[in-house]
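Biologist: Please pick one residue in this model and look at it closely. Then lead me outward to its surroundings and the rest of the chain.

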Amino acid sequence: MLEFMAETNPFQDPLRFERHVPPCAVVIFGANGDLTKRKLLPALYRLAYERRIPPGFAIIGMSRTAMTDEAFREKMRESVQQFLEDSPFDAALWDDFSRGLFYVAGDVNDDAAYTALAARLKEIEVERHTEGNALFYLSTQPSYYARAAEGLGKVGLAKQVNNAWRRLVVEKPFGHDQDSALVLNNALHEHFEESQIYRIDHYLGKETVQNILAFRFGNGIFEPLWNRRYINHIQITAAESIGVEGRGGYYQEAGALRDMIQNHLLQVMATVAMEPSAVFEANAVRDERAKLLRSIKILKPSEVAANAVAGQYGKASIGGKEVPGFREEAGVDPNSNTDTYAAVTVMIDNWRWAGVPIYIRSGKRMPKRVTDIAIRFNAVPHSLFATETEDTARPNLLILRIQPEEGISLRFSSKQPGGGMKLRPVSMDFNYGSSFGMRTPAAYETLLVDAMIGDPTLYTRQDMVEASWAVVQPIINSWAERKDLPFPNYAAGTWGPKESDDMLAARGHTWRIP
């Protein structure tokens, strides 16, 4: 196995570590929820550990639970200690960091909560010198997004005055379908400008997803091959080995198509397939992503069955342990037709990608947890070594690994040692950890910094949301109308239903096993 080694450069990646966060307050709605405890507070603490947030910084948690500032600080300390990854917990640093943590008890639906929040922000601005800058993070149920924006707008917290900025971070899902996404956008725009709204997609904060741009547009080797002349097809896989993990009630309202493909994976696909932007600037990059999403062929109702497959896992024995099917999970309707697996064939109607299928799949209770992008190049037009190789010469394959281990692999054919001309596939591997010898920032660390400095490059714009919903809406409609979905149609611990394999076989392709 060959390994790429990064050159040692003391000035490497200056933008990431020289972009200083301005004084500001981060207000987290839903501060008592899992996302805050597992991701947001550990990410903010890690930024403090790396000295990337200024002394004039504060975090205000807000939820319905009655709690003092001290109780909130202790609760967050426990969460950070439990969920902090790849970093030591520094008690002295925590003492300093926690002095900037505050709490406001209030219901999102209660106007008084926003009045109390506005008053507290004024006090904290004086105490912590936040200069009036505020980032409002909606880590609540999606049904509260519009109400939170309205509440902030009513008390003047959405207005940007005296050079102070106000920004709104919205978690996914952004709408339940195409119509509700439009309604939500309109509701947010009543109080916040589009430039103030940051629709977060943590997949775009992952290093490998960002590295796609560097890989394509920073190297003269690959971009000339990145088109229909050389690429046969692309596969994007996001597999989870776990089930719904106690979130059956939520998940049966969402499903794999909505939960993963509509947002995360279509955005990843857009990054893989977009045209180069003229400059590396937020709107220029997002313009190209949006243009790509609008170029996707929208399926007609008669085309859905051949180009989209729904699956649902059934009970099975995995490692000697009985695993329930989705319909047996807590909080799930025993007759639920929710998709826990979805696979879609995407065709892009532009000159670069015409005729190249892009297969996207995501599922729960798969054999392993893995997310990657596999780009299969065309086979050589004529094999000189057909007799000797006996099918060992395979088409070149480029794999961009997003998780669990971030990196890139390139497979090509090489001659085996010894007599004759026998070829064998080998790989060149690039791994972030071993090549750079440094910790890879978590996605939320990257995205929180971007929001606080006002860089929306990795955030989703309104037109991108609308374009991605336009792609999946015909599939949603078709599946909703079907009464004959053969669920469950794959056993837990397998790679999905047979119909998914058949979808690729119709074009002469097979799913790659990660």
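**One arginine, then the rest of the chain**

Modeller: Arg216 is buried, because its relative accessible area is 0% and the cut-off for buried is under 20%. Keep in mind that this is a predicted model.

Where does Arg216 sit? Its place is in helix α8, which covers residues 207–217. Now look at what the side chain meets. One of its polar atoms lies 2.7 Å from the backbone oxygen of Val272. Val272 is also among the residues that Arg216 touches. Leaving out residues up to four places away in sequence, the full set is Glu223, Trp226, Thr271, Val272, Ala273, Met274 and Arg352.

Next, other charged side chains. Arg167 lies over the face of Trp165, 3.9 Å from the centre of the ring. Lys206 lies over the face of Tyr203, and here the distance to the ring centre is 5.5 Å.

Rings also pair with each other. A pair of aromatic rings is described by how far apart the centres are and by the angle of the planes. How many aromatic pairs does the structure hold? There are 15. Take Tyr251 and Phe326. Their centres are 6.1 Å apart, with 70° between the planes, and the pair is edge-to-face. This pair links distant parts of the chain, 75 residues apart. Tyr251 is in helix α9 (residues 248–273). Phe326 is in the loop between β12 (321–323) and β13 (341–346). Both Tyr251 and Phe326 are buried.

A further pair is Tyr359 with Trp511. Why is this pair edge-to-face? The planes stand at 65°, and edge-to-face means over 60 degrees. The ring centres of Tyr359 and Trp511 are 6.0 Å apart. Again the pair links distant parts of the chain, here 152 residues apart. Tyr359 is in strand β14 (residues 358–363). Trp511 is in the segment after α16 (498–505). Tyr359 and Trp511 are both buried.

Go back to Tyr251 and Phe326. Ring pairs link these two with Tyr313, Tyr341 and Tyr490 into a cluster.

Now for empty space. Rolling a probe the size of a water molecule over the atoms shows where such space is left. The structure holds 1 cavity of 30 Å³ or more. The largest cavity has about 130 Å³ of space. It is lined by 15 residues. Which of them are closest to its centre? They are Lys172, Phe174, Asn263, Thr460 and Val465. Two elements give two or more residues to this lining: α9 and α15 (462–481).

Stay with Lys172. A cis peptide bond joins Lys172 to Pro173, with omega about 5°. Pro173 is in the loop between β6 and α7. A second cis bond runs from Gln403 to Pro404, with omega near 5°. Pro404 is in the loop between β16 (397–403) and β17 (407–415).

The elements β6 and α7 come up again around helix α6. Which residues of α6 (residues 145–154) are buried? They are Tyr145, Arg147, Ala148, Ala149, Gly151 and Leu152. Their cover includes β2 (24–29), α5 (111–128), β5 (134–138), β6 (166–170) and α7 (178–189). After α6 comes Gly156, with a positive phi near 80°.

Two residues other than glycine have a positive phi as well. For His129, phi is near 60°. For Glu131, phi is near 60° too. Where are they? His129 lies in the loop between α5 and β5. Glu131 lies in the loop between α5 and β5. Buried or exposed? His129 counts as exposed, because its relative accessibility is 55% and exposed means over 50%. Glu131 is exposed at 51%.

Finish with a long step. Phe430 is in strand β18 (residues 423–431). At 11% relative accessibility, Phe430 counts as buried. Phe430 and Ile124 are 306 residues apart in sequence. In space, their C-alpha atoms are 46 Å apart.

Technical notes. Residues are numbered from 1 along each chain as its sequence is written. Side-chain values use heavy atoms; hydrogens and water are left out. Helices (H or I, at least four residues) and strands (E, at least two) are DSSP runs, numbered from the N terminus. Buried means under 20% relative accessible area, exposed over 50%, partly exposed in between (1.4 Å probe, protein chains only). A polar contact is a pair of N or O atoms within 3.5 Å; within protein, one must be able to donate a hydrogen and the other to accept it, and residues adjacent in sequence count only if both atoms are side-chain atoms. Contact means heavy atoms within 4.5 Å. Rings of Phe, Tyr and Trp (its six-membered ring) pair if their centres lie within 6.5 Å; planes under 30 degrees apart count as stacked, over 60 as edge-to-face and the rest as tilted. A charge sits over a ring if NZ of Lys or CZ of Arg is within 6 Å of the ring centre and within 35 degrees of the ring normal. On a 1 Å grid over the protein atoms alone, a cavity is a set of points where a 1.4 Å probe fits but cannot get out, and a pocket is an open set with protein on both sides within 12 Å along at least five of seven lines; lining residues have an atom within 4 Å of a point. Grid points are joined across faces, edges and corners, and a volume is the space filled by probe spheres set on the points.
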